[in-house]
Amino acid sequence: MCGILGIVGKNPVNQLLYDGLLVLQHRGQDAAGIVTCDGNTFFMHKNNGLVKDVFHTRHMRSLVGNVGIGHVRYPTAGSSSAAEAQPFYVNSPFGIVLGHNGNLTNSEQLKSEMFRQDLRHINTSSDSEVLLNVLAHEIEKTSRNAVLNTDMAFDAVAGVHKRCKGAYAVVAMIANFGLLAFRDPHGIRPLVIGKLDAEKGTEYIVASESVALDVLGFKLIRDVEPGEAVFIDMEGNFFSRQCAEKPTLTPCIFEYVYLARPDSVIDGVSVYQTRLDMGTSLAEKIKRDWSHLKIDVVIPIPDTSRPSALQVGITLGLNYREGFIKNRYIGRTFIMPGQALRKKSVRQKLNPIGIEFKGKNVLLVDDSIVRGTTSQQIVQMARDAGANKVYFASAAPPVRFPNVYGIDMPSRDELLATGRTDEEICQEIGADALIYQDLDALVKDISLSNPKMKVFDCSCSDGKYVTGDVDAAYLNRIEAARGDMNKKHKPANASTQMDLNLIDSDEDAEEVAEA
């Protein structure tokens, strides 16, 4: 999961890009990069770390130009090396830089083609560098050493769609030509367009989430459609074209569950409203199937589950209380390398308010259960605080399959729900009852805000991968590769193991703002 940003302005864009990346920090905290363009020259700075740590005054002064792109990275393919911080650059043809959110599922095949057919060298293990070289090769084919024009750029994107499989939202910049952005034919990862009518003319922005537009003062125009490419030249002229043959909108459902910030709007759907609706449907299920439970209070697991938990309380006519206080200065606990460290880090990060638990039957609401390590620890914390009964509700359905489209989820044998019944999962986390959201209810919750959206990538729950090229053999290969990488790099590279139970986009954004 990554955050991407591109701006074509009438004034220097370095500060806008920096501020925009701060807002998108929740989408990636391992590396950050900015590239600006002034005439025919690129100016780049990137490194591992948070945005506030990567960029200092001296770096910002060197990022000159009215056009630029930015990227924040969490490694889902490749390694966490600083060499794989984005944007990536190739000098031929014309000079191109690119930032990518998502994951290619046929990157190994493409690497082979790059070497044997396209005569291009891939220097890292990142699929994003593969994607950049595919784009560069397609631009080279369409331009044939001529002066590049907009139609050629769109033809190149059409070539990318034919060759690349998987998820990709892309922002690229071509030296002395303009900014090119596009989305895979399934629209799995989000990408929005905005504009600002300034004194010197119209400025444009493309970003992973609409919250970046809000903060920078841009007006949201619309989302980039699946398979569509948009191009803004150096003068600020806007062009767009559908470049895929059979595009279908099937966005990742977990963008709405916990990846995106609640104040974002993705494909016409308010993330916050979706999380409220998730709470309503979860409460309806509790009314229907779990009416025998004697619940005294509803308590969220901070912070992403708060809207859902609030609506559960309202719908059931129960008290909603904050039962856990989060230490916002403990650091990013979701990258702790071992189970023992993860258990310790949960205790350091969350502390229960005893009076909200003592002698009560509590319903804990979380956004999801992935490994279950966090859920187990939180249930025990509630018991230690004096809870009489501890019921656990997940606003998302069981996670039984890995995500291969840009979220670094654990392998199948690490997922708590894989091969277990709900009763077995409940026993594993130590709860007195476990209630999961139904998948069809979650789909309906999102569709309420945009009836045109009826199909989603729900592969984490149903194992149906929308690109059609992911099967058991593919999952076995990537899990074997993951295991080999862990053995080779432990403990130094253990930070690439993401415990999604502890992802908190709201908190990450707030911590960056406070810093």
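Helix α5 (residues 127–143) lies across β5, β6, β7 (166–174) and β8 and runs at about 125° to β6. Contact here means heavy atoms within 4.5 Å, and the angle is taken between N-to-C directions on a scale from 0 to 180 degrees, with axes being lines fitted to C-alpha atoms, for helices over the stretch in contact. Helices (H or I, at least four residues) and strands (E, at least two) are DSSP runs, numbered from the N terminus. The model is a predicted one, in which local features need pLDDT of at least 70 and side-chain atom pairs count only at pLDDT 80 or more, while totals for chains, interfaces and linings use all residues. Residues are numbered from 1 along each chain as its sequence is written, and side-chain values use heavy atoms, with hydrogens and water left out.

The strands under discussion belong to an open sheet of six strands, with the order β5-β6-β7-β8-β12-β13 and antiparallel pairing. Two strands are said to pair if DSSP finds at least two bridges between them. In general, the strands of a sheet pair through backbone hydrogen bonds, either parallel or antiparallel. At the edges of this sheet stand β5 (88–90) and β13 (238–242); each has a single partner strand, so one side of each is left without a neighbour in the sheet. On average, neighbouring strands of the sheet are turned by 20° against each other, direction ignored. The edge strand β5 is joined to β6 (residues 96–104) by three bridges, and the two run antiparallel. Within this pairing, Y89 has V97 of β6 as its bridge partner.

Both loops that flank β5 are worth a look for their prolines. In the loop between β4 (67–73) and β5 sits P87, and the peptide bond from Q86 to P87 is cis, with omega near 10°. The loop between β5 and β6 holds P93, which is joined to S92 by a cis peptide bond with omega about -5°. Further along, N176 has its place in the loop between β7 and β8; its phi is near 60°, a positive value in a residue other than glycine. D267 also has a positive phi, near 50°, and is likewise not a glycine. This residue lies in the loop between β14 (265–266) and β15 (269–270) and is buried, with a relative accessible area of 8%. Buried means under 20% relative accessible area, exposed over 50%, and partly exposed in between (1.4 Å probe, protein chains only).

A second region is built around strand β16 (residues 297–300). Both of its faces are covered, with V297 and I299 buried on one side and V298 and P300 buried on the other. Strand β16 runs parallel to β17 (residues 319–320), to which two bridges join it, and V298 stands opposite Y320 of β17. Together with helix α10 (residues 306–316), β16 and β17 make a right-handed β-α-β unit. Right-handed means that, with the strands pointing away from the viewer, the path from the first strand over the helix to the second runs clockwise. Strand β16 also pairs in the parallel sense with β20 (residues 361–366), over four bridges, and here V297 stands opposite V362.

Turning to charged side chains, a search of the whole structure finds 26 salt bridges, each being a side-chain nitrogen of Lys or Arg within 4 Å of a carboxyl oxygen of Asp or Glu. One of them joins E255 to R189, with the closest N and O atoms 2.9 Å apart. This pair links distant parts of the chain, 66 residues apart: E255 is in helix α8 (residues 254–259), and R189 is in the loop between β8 (178–183) and β9 (192–198). E255 is buried, at a relative accessible area of 1%, and R189 counts as buried at 1% as well.

Another salt bridge connects E356 with K360, the closest N and O atoms being 3.5 Å apart. Here E356 counts as buried at 13% relative accessibility, whereas K360 is partly exposed at 24%. A further pair is E479 and R412, whose closest N and O atoms are 2.9 Å apart. E479 lies in helix α16 (residues 472–489) and R412 in the loop between β21 (389–394) and α13 (422–429), so this salt bridge ties together parts that are 67 residues apart in sequence. Finally, R27, R189, E209 and E255 are joined into one network by salt bridges that share partners.
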